[in-house]
Amino acid sequence: MKNILSLKNISYKYEKKLALNNISLDIKEGSFFVLLGLNAAGKSTLFSLITRLLNMQEGEIKINDYSLKAYKKALCSIGTVFQEPTLDLDLSVRQNLYFYGCLKGLSFKETLKSIKEEIDKLDLHSSLDIVVRKLNGGHRRKVEILRALINQPKLLLLDEATVGLDVEARFEILKYIRNLVKEKNISVLWISHLFDEVEPSDALAIIHKGEILEKDQLKNLLKKYNKKELKELFAYVTREEK
Amino acid sequence: MKILFYCAWGIIYKELLRFVKQKSRFLSALVRPLLWLFIFSSGFKMALGLAIIPPYETYITYETYIVPGLIGMILLFNGMQSSLTMLFDREMGSMKILLSSHISRNYLLFCKMFATAIVSCIQSMAFLFIAYCYGIEMEIWAYVLVLPVILFTSIILNALALFISSVIKQLENFAAVMNFVIFPMFFLSSALYPLWKMKDSSVFLYSLSSYNPFTHIVEFIRFTLYLKFDSSLLFIIVFLFVSSLSLAFMGYKSKKTGSK
């Protein structure tokens with residue numbers, strides 16, 4: 001199966017502090033890939049490099065076979081949901097979607113057409129003309145996910161997309177994203193620190209202090225280390241030898 | 001081409017929406033120069049005698065003299081307000097949407113400056129209309145020609161503001177910009193008094209004012225409003241346009257927008 005995202009020997013330093021150390025990862029087309037790590041593990045730095053918010057220092061990133069150096073081709077096939085809220089609070093949902101659609105080169109009509117089905121699935125039809133400021137956290141997140149789908153991305157990048165939401169909202173969003181993988185063959189890079197969001201069949205990479213410590217399907221890793229659950233596995237893999 | 005067009009339209013659309021929704025922003029942008037026109041000039045005109053200087057061919061009232069400077073004031077403050085919004089967007093994270101786009105970052109920044117310039121144009125024309133009702137009349141062609149000049153010069157100020165916003169690390173530091181950039185830029189210019197008046201009191205301040213880009217912007221607007229053309233001014237303005245855009249683009253090249 002083709003790699004939709006390929007990271008090769010990525011290292012990144014903030015001044016003298018090494019944030020990422022020789023990271024290599026491949027994400028297959030149509031897979032749900034979880035990058036799991038604690039705070040300050042380097043997840044968001046990696047996310048920022050993939051989305052070109054930070055400039056590459058070492059290594060190479062390829063999205064859909066295009067090097068990020070040719071970012072115009074590489075970035076047009078991704079959809080992103082950032083950790084921080086990125087909607088304009090004073091505009092309505094519809095206006096936010098129109099603005100993003102324009103950034104992707106779509107007219108207002110084309111924008112709504114491209115996500116018509118998803119608006120219904122996310123039950124956002126009645127919220128389209130509501131100012132974002134009046135929406136709750138769960139709805140805002142849904143709008144951001146909806147927005148990320150406007151350009152029919154092949155790869156969806158989500159950085160801690162469920163952070164700050166209640167359990168019900170978290171799993172509703174997670175279920176929706178997993179369905180996207182199944183139904184539309186969209187590849188997903190799900191960045192999280194929450195163990196309960198990972199399923200045994202998910203491809204998983206454990207990142208700790210800027211290094212990838214393990215990568216495989218969760219069920220294979222559990223078997224390899226003879227552990228029953230992810231929490232236990234994570235603690236074992238990230239333990240520090242004294 | 002279609003992508004670039006819709007992208008520019010999207011940014012202008014958002015800027016206009018913000019402008020329409022923030023009525024207080026429009027009002028304050030208009031009230032500020034009107035206060036200077038109606039109140040400050042009333043008190044100041046008796047103290048300041050104006051000789052006949054280009055582009056004027058006859059004696060003019062002080063109110064007439066400061067109109068181009070007050071248009072400059074609208075552009076300057078609007079540019080700074082816009083970059084403040086960008087700074088806010090950067091801190092809140094919403095700027096990531098722009099900076100992670102597959103479209104050239106420089107093009108997006110230019111569209112942002114252009115969108116702000118359109119808003120500045122609307123505010124300036126509203127101000128000129130009120131000034132007209134107050135009795136400061138220009139020729140009809142002056143109103144037509146000053147529009148692209150306002151658009152062009154506004155982009156220069158927006159670019160400078162954008163560069164400043166790229167240098168500032170925290171939103172709180174923006175107050176310092178008011179004191180160290182905006183006010184000196186405004187007062188060390190020909191917006192409120194001709195430079196020869198300043199030369200009488202301080203040659204040093206006169207020299208500073210002559211190198212102030214804002215002085216040239218105000219003079220370019222002034223000349224256009226009186227349907228005069230000065231090629232050296234145009235040259236300076238084009239130079240300012242290129243250099244300010246370069247600064248803004250450099251400021252946001254590989255801009256770190258993360259919270260780290």
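The legends below describe close-up views of a predicted model with chains A and B.

**View 1. Confidence in the predicted complex.** The predictor assigns the complex an ipTM of 0.82 and a pTM of 0.85. In chain B the average pLDDT is 86, and 94% of the residues score at least 70.

**View 2. Contact between chain A and chain B.** Chain A contributes 30 residues to the contact, and chain B contributes 26 residues. On the side of chain B that touches chain A, at least two residues come from each of helix 1 (2-21) and helix 4 (96-99) of chain B. Helix 1 of chain B gives the most to this side, with 11 residues. By residue class, the side of chain B that touches chain A consists of 10 nonpolar, 9 polar and 7 charged residues.

**View 3. Helix 3 of chain A and its surroundings.** Helix 3 of chain A (residues 93-103) is largely enclosed by the rest of the structure, because 10 of its 11 residues are buried. Among them are the aromatic side chains of A:Tyr98, A:Phe99 and A:Tyr100, along with A:Val93, A:Leu97 and A:Leu103. A:Gln95, A:Asn96, A:Gly101 and A:Cys102 are buried as well. The cover over these buried residues includes parts of both chains: helix 4 (108-114) and helix 6 (137-148) of chain A, and helix 1 and helix 4 of chain B. After helix 3 of chain A comes A:Gly105, with a positive phi near 85°.

**View 4. Residues 256-260 of chain B.** Across residues 256-260 of chain B, pLDDT stays under 50. For this segment the model has 11 contacts beyond four places in sequence. Predicted coordinates should not be read in detail where pLDDT is low.

Terms used
Residues numbered from 1 in each chain as written. Chains lettered and ligands numbered in written order. Predicted model: local features only at pLDDT ≥ 70, side-chain atom pairs only at ≥ 80, totals over all residues. Contact = placed C-beta atoms within 7 Å. Helix = DSSP H or I, 4+ residues; strand = E, 2+ residues; numbered from the N terminus. Nonpolar A, V, L, I, M, F, W, Y, C, P; charged D, E, K, R; others polar. pLDDT = per-residue confidence, 0-100. Buried ≥ 20, exposed ≤ 12 C-beta atoms within 10 Å, placed from the backbone.
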